[in-house]
2 protein chains.
Amino acid sequence: MTRYKAIIAYDGTNFAGFQSQTNQRTVQEEIEKVLTKLNSFEPVILQGSGRTDSGVHAFGQVIHFDLKGQARDEERLRFGLDTQTPADIAVKQVKIVADDWHARYHKHEKIYEYYLENAVTRTPFTRNTKAYFRYPLDFTLMQEALSQLTGTHDFTGFTASGSSVDDKVRSIYQAEITQLDPENFKFIFRGNGFLYKQVRNMVGTVIKIGNGRMPVSQITAILNSKNRELAGPTAAPEGLYLKKVIYDDKDN
Amino acid sequence: MTRYKAIIAYDGTNFAGFQSQTNQRTVQEEIEKVLTKLNSFEPVILQGSGRTDSGVHAFGQVIHFDLKGQARDEERLRFGLDTQTPADIAVKQVKIVADDWHARYHKHEKIYEYYLENAVTRTPFTRNTKAYFRYPLDFTLMQEALSQLTGTHDFTGFTASGSSVDDKVRSIYQAEITQLDPENFKFIFRGNGFLYKQVRNMVGTVIKIGNGRMPVSQITAILNSKNRELAGPTAAPEGLYLKKVIYDDKDN
């Protein structure tokens, strides 16, 4: 048995999210189908660094899996996986790792990016790969709102109700917005972990603030009150990308 | 009756091309459905500057059409068309024009762009909006090949056989390639008109030259011999965009 770590990219448009679900097309299931073939048809279960929701994309999701036998050539295995998975999944890197290496439980940080088109007309080419907001946005207000999100906070007010995780304290090291061109913004979030729908709820709130329909001070009010009702709407999934998972070891 | 000119963008992925065809989803048909509604359900037939093939995109296709009654507000009409057409069509501009203005017969130049990803792994996000070539490409060889295409030539060797147009002499004013980043190229072609599949046949030939499997001198041989057999394969439709149609009048 050999354990492999892989970095994968996927277009989430036609997936019911990353994680396997009965009767739904998922990223996990599509990759496991190919892995099982490469494992002499003995079932392979992979582990991801975490889930992504339906419609959410990844530039650099990290997974690990075990295949029978001795270590295979990394690039040959990558190429085999990349060409046999569907066109909306790309396998960017494969590395042999220690037998106890774990994509989820090994300590890591995550970087998410959120792409937002802010124009009179929505570009048809990126309707599945960028979110869209038609109305005016104030860049400075959005910057101020984002700066209130950095640090270690209880993010209960920014997660979906009914979340099963007990400890909702997380640290955000970076929360920034860049104007890519007059009609496009990119948000970047780096932290030690994110709760269910946390990034999309933060973005939806920041957009509402940028549009002048909520004060910047609302961010602190949401954090202090832990009240989801005070936050803005959940931003659309098509703008969100899991950009990178950064592990503590030298393996990155 | 008032005549309108419109600039439209579309993602060609899910269309059987621009022009109406029986039992196929086309850009023309989708827009005419909306126009007919706006025309008190009296059928409207639009005219495009030309066709684009299945899978080919447009940033700036130009159409014209007539609607009953007095001149409508241009921005209101644009907004109505943009919101009522499907998400893979965007209506970027509407202008009132003279009753005899014609998108196809009025003298114009066209600009086409072709986007090519040249990387070990194909990006899943642009699989429908960029072409992909896995093997090495020599930028200088491609530049030299493109420079041989500019000027006034009989482009019979670069059109699909069975084309119904008699006069195959066209002028190309610009044929250039830019390296956008280490893994992405953009081709630009500006000319007074292009034959059926001409741009894709030129790109397919230039790629073959860039990959070292055909000499630069082959361009002149194809032009002189008018022999399609000497040219490279037709490049994939998903990389091609009708970028702009430039009319002779001040109306642009």
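What follows is a conversation between a trainee and a mentor about a predicted model of two chains, A and B.

Trainee: Let's start with the loop after H1. Why is A:Asn39 called buried or exposed, whichever applies?

Mentor: A:Asn39 sits in the loop between H1 and S2 of chain A. Its relative accessible area is 5%, and buried means under 20%, so A:Asn39 counts as buried.

Trainee: And what does A:Asn39 touch, not counting residues up to four places away in sequence?

Mentor: A:Val44, A:Leu67, A:Lys68 and A:Arg72. With A:Lys68 there is also a reach from the side chain of A:Asn39 to the backbone nitrogen, at 2.8 Å.

Trainee: A:Glu42 is in that loop too, between helix H1 (27–38) and strand S2 (47–48) of chain A. What makes A:Glu42 "partly exposed"?

Mentor: Its relative accessible area is 40%. Buried would be under 20% and exposed over 50%, so A:Glu42 falls in between and is partly exposed.

Trainee: How do you know that A:Glu42 makes a polar contact with A:Lys68?

Mentor: The two side chains come to 3.0 Å, and the cut-off for a pair of N or O atoms is 3.5 Å, so the pair qualifies as a polar contact. Leaving aside neighbours within four places in sequence, A:Glu42 is in contact with A:Thr36 and A:Lys68.

Trainee: Where does A:Glu42 lie relative to A:Asn184?

Mentor: They are 142 residues apart in sequence and 46 Å apart in space, C-alpha to C-alpha.

Trainee: On to strand S9 (residues 184–191) of chain A. What makes you call it largely enclosed?

Mentor: Count the residues: 7 of its 8 are buried, so the rest of the structure largely encloses S9.

Trainee: How do you know that S5 and S8 both pair with S9(A)?

Mentor: Pairing takes at least two bridges. Strand S5 (residues 108–117) of chain A has 8 bridges to S9(A), running antiparallel, and A:Glu113 stands opposite A:Ile188 there. Strand S8 (residues 169–181) of chain A also has 8 bridges to S9(A), again antiparallel, with A:Ile172 opposite A:Gly191. S8(A) and S9(A) form a hairpin, with 2 residues between them.

Trainee: Now helix H5 (residues 218–225) of chain A. What makes you say that its buried residues line one face?

Mentor: The buried residues are A:Gln218, A:Ile219, A:Ile222 and A:Leu223. Down the axis of H5(A), they fall within an arc of 140°, so they line one face of the helix. An α-helix has 3.6 residues a turn, so residues three or four places apart point the same way.

Trainee: What covers the buried residues of H5(A)?

Mentor: The cover includes helix H3 (139–147), strand S7 (151–154) and helix H4 (198–210) of chain A. Just after H5(A), A:Lys226 takes a positive phi of about 55°.

Trainee: Last topic, the two chains. Why is their relation called a two-fold axis?

Mentor: A rotation of 180° with 0.0 Å of shift along its axis superposes chain A on chain B, with an RMSD of 0.0 Å. That is the relation of a two-fold axis. The same surface serves both copies, as 100% of the contact residues of chain A recur in chain B. In chain A, A:Thr126 comes closest to the rotation axis, at 4.5 Å (C-alpha).

Trainee: How many residues take part in the contact, and what area is buried?

Mentor: Each side gives a count: 25 residues from chain A and 25 residues from chain B. The area buried between them is about 1,700 Å², and carbon and sulfur atoms give 63% of it. A:Thr121, A:Phe125 and A:Arg127 supply 37% of what chain A buries against chain B, more than any other three residues.

Key:
Residues are numbered from 1 along each chain as its sequence is written. Chains are lettered from A and ligands numbered from 1 in the order in which they are written. This is a predicted model: local features need pLDDT of at least 70, side-chain atom pairs count only at pLDDT 80 or more; totals for chains, interfaces and linings use all residues. Side-chain values use heavy atoms; hydrogens and water are left out. Buried means under 20% relative accessible area, exposed over 50%, partly exposed in between (1.4 Å probe, protein chains only). Helices (H or I, at least four residues) and strands (E, at least two) are DSSP runs, numbered from the N terminus. Copies are superposed by least squares on the C-alpha atoms of residues with pLDDT of at least 70 in both. Contact means heavy atoms within 4.5 Å. A polar contact is a pair of N or O atoms within 3.5 Å; within protein, one must be able to donate a hydrogen and the other to accept it, and residues adjacent in sequence count only if both atoms are side-chain atoms. The arc is that of the directions from the helix axis to the C-beta atoms. Buried area is the accessible area (1.4 Å probe) that two parts lose on being put together, summed over both.
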